[in-house]
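Visitor: I am new to this structure. Please choose a single part of the surface, look at it closely, and show me how it leads to its surroundings.

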Amino acid sequence: MLQGLRVLDFTRVLAGPYCTAMLADLGAEVIKVEPPQGDDQRHMGRMVQGESTNFILNNRGKKSVRLDLKHAEGQRIARELAARSDVVIENFKPGVADRLGIGYAELAGRKPDLVYCSISGFGQNGPNAGRPSYDVVAQAMSGMMSLTGEADGAPTLIGESVGDICAGMFAAWGIMAALYDRERSGRGRHIDVAMFDALLAMQPTALAQYLFGGVPPVRVGNRHPLSSPFGAYAARDGHLVIAAANDKLFQAVADTIGRPDLPADPRFGSDGERSRNDAELRPLIEAWSTTQSVEEAVAALTRAGVPAAPIQDTAQAIDSEQARVRRLATRALHPVLGEVELVEQPVHFSGVARGRLDGAPTLGQHSASVLAEVLGMDAAAIDGLRAAGVI
(Lines give C-alpha, C1' and ligand atoms only; values in the text may rest on other atoms or scores of the structure.)
Protein backbone atom coordinates (compact mmCIF):
# COMPACT_ATOMS: atom_id res chain seq x y z
CA MET A 1 0.00 0.00 0.00
CA LEU A 2 2.93 2.38 0.59
CA GLN A 3 5.08 1.14 -2.27
CA GLY A 4 6.91 4.09 -3.84
CA LEU A 5 7.00 6.08 -0.59
CA ARG A 6 10.53 6.87 0.58
CA VAL A 7 11.11 7.55 4.28
CA LEU A 8 14.43 8.91 5.55
CA ASP A 9 14.73 7.74 9.14
CA PHE A 10 17.14 9.45 11.55
CA THR A 11 15.56 7.87 14.64
CA ARG A 12 16.98 5.49 17.17
CA VAL A 13 16.00 3.23 20.07
CA LEU A 14 12.22 2.78 20.02
CA ALA A 15 9.59 5.48 19.36
CA GLY A 16 10.84 6.45 15.91
CA PRO A 17 11.95 2.98 14.83
CA TYR A 18 8.56 1.57 15.88
CA CYS A 19 6.87 4.20 13.69
CA THR A 20 9.03 3.56 10.64
CA ALA A 21 8.73 -0.22 11.03
CA MET A 22 4.95 0.19 10.70
CA LEU A 23 5.52 2.10 7.45
CA ALA A 24 8.01 -0.48 6.18
CA ASP A 25 5.49 -3.26 6.88
CA LEU A 26 3.19 -1.67 4.29
CA GLY A 27 5.87 -1.37 1.63
CA ALA A 28 7.51 2.01 2.23
CA GLU A 29 11.23 2.22 1.45
CA VAL A 30 12.72 3.17 4.82
CA ILE A 31 16.34 4.35 4.72
CA LYS A 32 17.66 4.24 8.26
CA VAL A 33 20.55 6.66 8.75
CA GLU A 34 22.78 5.51 11.62
CA PRO A 35 25.82 7.11 13.27
CA PRO A 36 29.19 5.32 13.02
CA GLN A 37 28.50 3.35 16.22
CA GLY A 38 24.98 2.50 15.09
CA ASP A 39 21.56 2.96 16.68
CA ASP A 40 21.87 2.68 20.48
CA GLN A 41 19.41 -0.20 20.40
CA ARG A 42 21.91 -2.33 18.50
CA HIS A 43 23.69 -2.61 21.85
CA MET A 44 20.66 -2.98 24.14
CA GLY A 45 18.49 -5.85 25.35
CA ARG A 46 18.90 -9.55 24.67
CA MET A 47 21.87 -10.30 22.40
CA VAL A 48 22.11 -13.35 20.11
CA GLN A 49 25.33 -13.88 18.16
CA GLY A 50 26.18 -10.23 18.80
CA GLU A 51 22.85 -9.00 17.43
CA SER A 52 20.27 -7.15 19.53
CA THR A 53 16.90 -8.87 19.33
CA ASN A 54 15.24 -5.59 20.33
CA PHE A 55 16.79 -3.96 17.28
CA ILE A 56 15.80 -6.86 15.02
CA LEU A 57 12.14 -6.63 16.03
CA ASN A 58 11.83 -2.86 15.58
CA ASN A 59 13.89 -2.33 12.43
CA ARG A 60 12.46 -4.98 10.14
CA GLY A 61 12.30 -4.19 6.46
CA LYS A 62 14.64 -1.18 6.53
CA LYS A 63 17.86 -0.24 4.74
CA SER A 64 20.80 0.90 6.87
CA VAL A 65 23.13 3.71 5.82
CA ARG A 66 26.05 4.37 8.16
CA LEU A 67 26.63 8.11 7.97
CA ASP A 68 28.65 10.50 10.15
CA LEU A 69 26.44 13.57 10.61
CA LYS A 70 29.21 15.36 12.49
CA HIS A 71 31.11 15.48 9.20
CA ALA A 72 30.13 18.28 6.79
CA GLU A 73 30.04 15.85 3.89
CA GLY A 74 27.78 13.55 5.91
CA GLN A 75 25.35 16.42 6.46
CA ARG A 76 25.41 17.26 2.77
CA ILE A 77 24.59 13.66 1.85
CA ALA A 78 21.75 13.63 4.40
CA ARG A 79 20.26 16.74 2.81
CA GLU A 80 20.55 15.20 -0.64
CA LEU A 81 18.77 12.05 0.55
CA ALA A 82 16.04 14.17 2.16
CA ALA A 83 15.51 16.04 -1.12
CA ARG A 84 14.70 12.69 -2.73
CA SER A 85 12.43 11.45 0.07
CA ASP A 86 8.75 11.92 0.88
CA VAL A 87 9.09 11.74 4.65
CA VAL A 88 11.85 12.58 7.12
CA ILE A 89 11.54 11.47 10.73
CA GLU A 90 13.87 12.27 13.62
CA ASN A 91 13.86 11.90 17.39
CA PHE A 92 16.80 14.04 18.44
CA LYS A 93 16.44 16.43 21.35
CA PRO A 94 14.83 19.67 20.07
CA GLY A 95 17.42 21.83 18.32
CA VAL A 96 19.87 19.03 17.48
CA ALA A 97 18.53 18.42 13.96
CA ASP A 98 18.87 22.15 13.22
CA ARG A 99 22.48 22.13 14.41
CA LEU A 100 23.19 19.15 12.15
CA GLY A 101 21.76 21.02 9.16
CA ILE A 102 18.82 18.62 8.77
CA GLY A 103 16.07 20.55 10.61
CA TYR A 104 12.65 21.15 9.12
CA ALA A 105 13.29 24.72 7.98
CA GLU A 106 16.46 23.72 6.12
CA LEU A 107 15.00 20.65 4.42
CA ALA A 108 11.55 22.09 3.66
CA GLY A 109 13.22 25.14 2.11
CA ARG A 110 14.69 22.77 -0.46
CA LYS A 111 11.60 20.55 -0.74
CA PRO A 112 8.32 22.31 0.24
CA ASP A 113 6.22 19.13 -0.04
CA LEU A 114 8.35 17.27 2.51
CA VAL A 115 6.51 15.66 5.43
CA TYR A 116 8.83 16.01 8.42
CA CYS A 117 8.11 14.34 11.77
CA SER A 118 9.88 15.10 15.06
CA ILE A 119 9.41 12.78 18.05
CA SER A 120 10.68 13.82 21.47
CA GLY A 121 9.91 13.42 25.14
CA PHE A 122 8.06 16.72 25.62
CA GLY A 123 7.68 18.25 22.16
CA GLN A 124 9.38 21.12 20.39
CA ASN A 125 8.21 23.81 22.84
CA GLY A 126 7.19 24.23 26.47
CA PRO A 127 9.26 24.41 29.67
CA ASN A 128 10.31 20.75 29.44
CA ALA A 129 11.17 20.71 25.73
CA GLY A 130 14.92 20.46 26.31
CA ARG A 131 14.62 17.84 28.99
CA PRO A 132 15.94 14.33 28.18
CA SER A 133 13.27 11.65 28.31
CA TYR A 134 12.96 7.90 28.28
CA ASP A 135 9.75 5.92 28.57
CA VAL A 136 9.99 5.82 32.37
CA VAL A 137 10.14 9.64 32.50
CA ALA A 138 7.11 9.97 30.22
CA GLN A 139 5.13 7.42 32.24
CA ALA A 140 6.03 9.21 35.47
CA MET A 141 5.18 12.73 34.35
CA SER A 142 2.08 11.99 32.24
CA GLY A 143 0.06 10.59 35.14
CA MET A 144 0.03 7.08 33.65
CA MET A 145 2.32 5.66 36.33
CA SER A 146 0.28 7.21 39.15
CA LEU A 147 -2.76 5.21 37.97
CA THR A 148 -0.97 1.86 37.80
CA GLY A 149 -0.54 -0.46 40.77
CA GLU A 150 -2.42 -1.44 43.90
CA ALA A 151 -4.37 1.23 45.76
CA ASP A 152 -2.15 0.94 48.83
CA GLY A 153 1.07 0.31 46.89
CA ALA A 154 3.63 2.36 45.03
CA PRO A 155 3.08 3.79 41.52
CA THR A 156 4.02 1.08 39.04
CA LEU A 157 5.51 1.10 35.56
CA ILE A 158 3.39 -0.47 32.85
CA GLY A 159 5.17 -3.63 31.75
CA GLU A 160 6.13 -2.31 28.30
CA SER A 161 7.58 0.93 26.93
CA VAL A 162 4.16 2.39 26.20
CA GLY A 163 5.42 5.98 26.00
CA ASP A 164 7.67 5.07 23.09
CA ILE A 165 5.14 2.76 21.44
CA CYS A 166 2.22 5.21 21.65
CA ALA A 167 4.35 8.09 20.38
CA GLY A 168 5.47 5.92 17.48
CA MET A 169 1.89 4.99 16.60
CA PHE A 170 0.68 8.60 16.80
CA ALA A 171 3.63 9.60 14.61
CA ALA A 172 2.69 7.01 11.98
CA TRP A 173 -0.92 8.26 12.10
CA GLY A 174 0.23 11.88 11.79
CA ILE A 175 2.52 11.10 8.86
CA MET A 176 -0.28 9.38 6.96
CA ALA A 177 -2.66 12.30 7.62
CA ALA A 178 -0.03 14.76 6.37
CA LEU A 179 0.60 12.67 3.26
CA TYR A 180 -3.13 12.61 2.51
CA ASP A 181 -3.29 16.37 2.92
CA ARG A 182 -0.25 16.74 0.64
CA GLU A 183 -2.13 14.93 -2.13
CA ARG A 184 -4.70 17.76 -2.07
CA SER A 185 -2.59 20.80 -1.18
CA GLY A 186 0.84 19.92 -2.56
CA ARG A 187 2.37 21.11 0.73
CA GLY A 188 4.29 19.24 3.36
CA ARG A 189 4.09 19.77 7.11
CA HIS A 190 6.14 19.59 10.27
CA ILE A 191 4.63 17.04 12.69
CA ASP A 192 5.52 17.45 16.38
CA VAL A 193 4.90 14.33 18.51
CA ALA A 194 5.72 14.14 22.24
CA MET A 195 5.76 11.03 24.42
CA PHE A 196 4.24 13.08 27.26
CA ASP A 197 1.39 14.26 25.03
CA ALA A 198 0.76 10.76 23.67
CA LEU A 199 0.46 9.19 27.12
CA LEU A 200 -1.73 11.99 28.45
CA ALA A 201 -4.04 11.58 25.45
CA MET A 202 -4.25 7.85 26.20
CA GLN A 203 -6.08 8.46 29.50
CA PRO A 204 -9.72 9.26 28.62
CA THR A 205 -11.10 7.44 31.67
CA ALA A 206 -8.83 9.23 34.11
CA LEU A 207 -9.29 12.60 32.39
CA ALA A 208 -13.07 12.21 32.49
CA GLN A 209 -12.88 11.79 36.26
CA TYR A 210 -10.74 14.89 36.75
CA LEU A 211 -12.00 17.29 34.07
CA PHE A 212 -15.66 16.70 34.91
CA GLY A 213 -15.38 15.78 38.57
CA GLY A 214 -12.55 17.93 39.82
CA VAL A 215 -10.94 15.03 41.68
CA PRO A 216 -7.56 13.62 40.59
CA PRO A 217 -7.96 9.89 39.80
CA VAL A 218 -6.11 7.40 42.00
CA ARG A 219 -4.82 3.84 41.72
CA VAL A 220 -7.46 1.17 42.20
CA GLY A 221 -5.39 -1.95 41.46
CA ASN A 222 -6.75 -4.72 39.26
CA ARG A 223 -10.22 -3.27 38.79
CA HIS A 224 -11.87 -0.64 36.64
CA PRO A 225 -12.06 2.76 38.35
CA LEU A 226 -15.69 3.35 37.35
CA SER A 227 -17.32 -0.09 36.93
CA SER A 228 -17.76 -3.34 38.87
CA PRO A 229 -17.43 -6.27 38.58
CA PHE A 230 -14.72 -5.30 36.13
CA GLY A 231 -11.17 -6.50 36.75
CA ALA A 232 -9.15 -9.43 38.08
CA TYR A 233 -10.59 -12.02 40.46
CA ALA A 234 -8.99 -14.94 42.28
CA ALA A 235 -9.72 -18.52 41.23
CA ARG A 236 -8.59 -21.79 42.77
CA ASP A 237 -5.44 -21.98 40.65
CA GLY A 238 -4.81 -18.38 39.54
CA HIS A 239 -6.69 -15.31 38.39
CA LEU A 240 -9.21 -14.44 35.70
CA VAL A 241 -10.72 -11.18 34.51
CA ILE A 242 -14.44 -10.38 34.45
CA ALA A 243 -15.91 -7.39 32.60
CA ALA A 244 -19.57 -6.75 33.46
CA ALA A 245 -20.22 -3.05 32.98
CA ASN A 246 -24.02 -3.06 32.71
CA ASP A 247 -27.02 -4.41 34.60
CA LYS A 248 -27.74 -7.24 32.14
CA LEU A 249 -24.22 -8.60 32.42
CA PHE A 250 -24.24 -8.24 36.19
CA GLN A 251 -27.42 -10.30 36.37
CA ALA A 252 -25.66 -12.98 34.30
CA VAL A 253 -22.71 -12.91 36.73
CA ALA A 254 -25.07 -13.16 39.70
CA ASP A 255 -26.90 -16.11 38.16
CA THR A 256 -23.62 -17.88 37.32
CA ILE A 257 -22.23 -17.59 40.85
CA GLY A 258 -25.50 -18.78 42.39
CA ARG A 259 -26.52 -15.39 43.78
CA PRO A 260 -29.39 -14.22 41.54
CA ASP A 261 -30.56 -12.00 44.40
CA LEU A 262 -27.61 -9.61 44.20
CA PRO A 263 -29.04 -7.13 41.65
CA ALA A 264 -31.92 -6.46 44.06
CA ASP A 265 -29.48 -5.38 46.77
CA PRO A 266 -29.41 -1.54 46.85
CA ARG A 267 -25.62 -1.63 47.11
CA PHE A 268 -25.42 -3.35 43.71
CA GLY A 269 -28.45 -1.93 41.89
CA SER A 270 -26.49 0.08 39.31
CA ASP A 271 -23.02 0.15 37.85
CA GLY A 272 -22.18 3.25 39.87
CA GLU A 273 -23.39 1.66 43.12
CA ARG A 274 -21.49 -1.54 42.38
CA SER A 275 -18.32 0.44 41.78
CA ARG A 276 -18.74 2.39 45.02
CA ASN A 277 -19.35 -0.87 46.90
CA ASP A 278 -16.74 -2.97 45.12
CA ALA A 279 -15.13 -3.93 48.43
CA GLU A 280 -18.41 -5.63 49.46
CA LEU A 281 -19.12 -7.16 46.04
CA ARG A 282 -15.68 -8.67 45.40
CA PRO A 283 -15.74 -11.25 48.22
CA LEU A 284 -19.18 -12.43 47.13
CA ILE A 285 -17.85 -13.17 43.64
CA GLU A 286 -14.63 -14.72 44.90
CA ALA A 287 -16.59 -16.98 47.27
CA TRP A 288 -17.61 -18.69 44.03
CA SER A 289 -14.56 -18.16 41.81
CA THR A 290 -12.08 -19.56 44.35
CA THR A 291 -13.93 -22.88 44.22
CA GLN A 292 -13.36 -23.01 40.46
CA SER A 293 -10.25 -23.39 38.36
CA VAL A 294 -9.54 -20.47 36.04
CA GLU A 295 -10.61 -22.60 33.10
CA GLU A 296 -13.87 -23.64 34.78
CA ALA A 297 -14.77 -20.11 35.89
CA VAL A 298 -14.06 -18.59 32.48
CA ALA A 299 -16.07 -21.32 30.74
CA ALA A 300 -19.08 -20.81 33.02
CA LEU A 301 -19.08 -17.03 32.61
CA THR A 302 -18.56 -17.26 28.86
CA ARG A 303 -21.53 -19.60 28.52
CA ALA A 304 -23.59 -16.95 30.31
CA GLY A 305 -22.45 -14.30 27.83
CA VAL A 306 -20.16 -12.50 30.30
CA PRO A 307 -16.81 -11.24 28.94
CA ALA A 308 -14.19 -13.19 30.92
CA ALA A 309 -10.70 -14.50 30.24
CA PRO A 310 -7.67 -16.15 31.79
CA ILE A 311 -4.67 -13.90 32.39
CA GLN A 312 -2.12 -15.12 29.86
CA ASP A 313 1.55 -14.28 29.84
CA THR A 314 3.19 -12.92 26.69
CA ALA A 315 4.44 -16.35 25.64
CA GLN A 316 0.93 -17.82 25.88
CA ALA A 317 -0.49 -14.90 23.91
CA ILE A 318 1.96 -15.02 21.00
CA ASP A 319 1.87 -18.84 20.88
CA SER A 320 -1.94 -18.96 20.96
CA GLU A 321 -4.11 -20.27 18.16
CA GLN A 322 -5.75 -16.82 17.99
CA ALA A 323 -2.40 -15.12 17.28
CA ARG A 324 -1.54 -17.82 14.74
CA VAL A 325 -4.81 -17.44 12.83
CA ARG A 326 -4.46 -13.64 12.89
CA ARG A 327 -0.90 -14.02 11.52
CA LEU A 328 0.59 -11.61 14.05
CA ALA A 329 3.99 -13.28 13.83
CA THR A 330 5.84 -14.22 10.68
CA ARG A 331 9.23 -15.53 9.61
CA ALA A 332 11.87 -13.39 7.92
CA LEU A 333 15.54 -13.71 7.02
CA HIS A 334 18.21 -11.85 8.99
CA PRO A 335 21.71 -11.42 7.50
CA VAL A 336 23.39 -12.90 10.61
CA LEU A 337 20.80 -14.99 12.45
CA GLY A 338 19.11 -16.52 9.43
CA GLU A 339 15.39 -17.17 9.79
CA VAL A 340 13.86 -15.24 12.70
CA GLU A 341 10.31 -14.67 13.95
CA LEU A 342 9.00 -11.10 13.81
CA VAL A 343 5.75 -9.38 14.74
CA GLU A 344 4.41 -6.90 12.18
CA GLN A 345 1.92 -4.06 12.57
CA PRO A 346 -1.46 -5.43 13.69
CA VAL A 347 -3.92 -3.83 11.24
CA HIS A 348 -5.46 -6.09 8.57
CA PHE A 349 -6.20 -4.55 5.17
CA SER A 350 -8.34 -6.33 2.60
CA GLY A 351 -6.38 -7.40 -0.43
CA VAL A 352 -3.01 -7.01 1.31
CA ALA A 353 -1.16 -10.18 2.25
CA ARG A 354 0.52 -10.32 5.64
CA GLY A 355 3.87 -11.89 6.37
CA ARG A 356 5.95 -10.41 3.55
CA LEU A 357 8.61 -8.95 5.82
CA ASP A 358 12.33 -8.48 5.34
CA GLY A 359 14.65 -8.75 8.31
CA ALA A 360 16.47 -5.88 10.00
CA PRO A 361 19.70 -4.72 8.34
CA THR A 362 23.21 -4.97 9.67
CA LEU A 363 24.92 -1.64 10.37
CA GLY A 364 25.66 0.15 7.10
CA GLN A 365 24.51 -2.81 5.02
CA HIS A 366 22.99 -0.55 2.35
CA SER A 367 25.30 2.47 2.46
CA ALA A 368 26.83 1.89 -0.96
CA SER A 369 23.66 0.73 -2.69
CA VAL A 370 21.56 3.66 -1.42
CA LEU A 371 24.15 6.24 -2.43
CA ALA A 372 24.44 4.65 -5.87
CA GLU A 373 20.71 4.12 -6.50
CA VAL A 374 19.24 7.22 -4.85
CA LEU A 375 22.01 9.79 -5.36
CA GLY A 376 23.63 8.32 -8.47
CA MET A 377 27.14 8.19 -6.98
CA ASP A 378 29.73 6.09 -8.74
CA ALA A 379 32.00 3.54 -7.08
CA ALA A 380 34.97 5.92 -6.88
CA ALA A 381 32.95 8.57 -5.04
CA ILE A 382 31.57 5.99 -2.62
CA ASP A 383 35.05 4.61 -1.98
CA GLY A 384 36.26 8.12 -1.26
CA LEU A 385 33.50 8.67 1.31
CA ARG A 386 34.35 5.37 2.95
CA ALA A 387 38.04 6.24 3.10
CA ALA A 388 37.22 9.60 4.68
CA GLY A 389 35.06 7.95 7.37
CA VAL A 390 31.87 9.65 6.18
CA ILE A 391 30.19 6.27 5.54
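**From an exposed glycine to the largest pocket**

Guide: Glycine 109 has a relative accessible area of 61%, so it counts as exposed; exposed means over 50%, buried under 20% and partly exposed in between, with a 1.4 Å probe and protein chains only. The model is predicted, so local features need pLDDT of at least 70 and side-chain atom pairs 80 or more, while totals for chains, interfaces and linings use all residues. Residues are numbered from 1 along each chain as its sequence is written, and side-chain values use heavy atoms, leaving out hydrogens and water.

Glycine 109 belongs to helix α5, residues 104–110; helices (H or I, at least four residues) and strands (E, at least two) are DSSP runs numbered from the N terminus. From its C-alpha atom to that of valine 347, which is 238 residues away along the chain, the separation is 35 Å.

Valine 347 in turn helps to form a nonpolar surface patch of about 340 Å², together with Met1, Phe349 and Val352. Such a patch joins nonpolar side chains (Val, Leu, Ile, Met, Phe, Trp, Tyr) within 5 Å, or like charges within 9 Å, from residues with over 30% relative accessible area and no salt bridge, that is, no side-chain nitrogen of Lys or Arg within 4 Å of a carboxyl oxygen of Asp or Glu. Areas are obtained by the Shrake-Rupley method with a 1.4 Å probe. Within the patch, phenylalanine 349 sits in the loop that runs between β13 (338–343) and α16 (367–375).

Strand β13 leads on to the largest pocket, since this strand, α1 (15–25), α2 (53–58), α6 (135–142), α7 (162–185) and α14 (314–318) each give at least two residues to its lining. The pocket holds about 830 Å³ of space. Its lining has 30 residues, and closest to the centre are Tyr18, Leu57, Asn58, Glu160 and Val343. On a 1 Å grid over the protein atoms alone, a pocket is an open set of points where a 1.4 Å probe fits, with protein on both sides within 12 Å along at least five of seven lines, and lining residues have an atom within 4 Å of a point. By type, the lining comprises 18 nonpolar, six polar and six charged residues.

Helix α7 also contains arginine 184, which is exposed because its relative accessible area is 61%. Its C-alpha atom is 31 Å from that of glycine 121, 63 residues apart along the chain.

Key: Grid points are joined across faces, edges and corners, and a volume is the space filled by probe spheres set on the points. Ala, Val, Leu, Ile, Met, Phe, Trp, Tyr, Cys and Pro count as nonpolar, Asp, Glu, Lys and Arg as charged, and the others, Gly among them, as polar.
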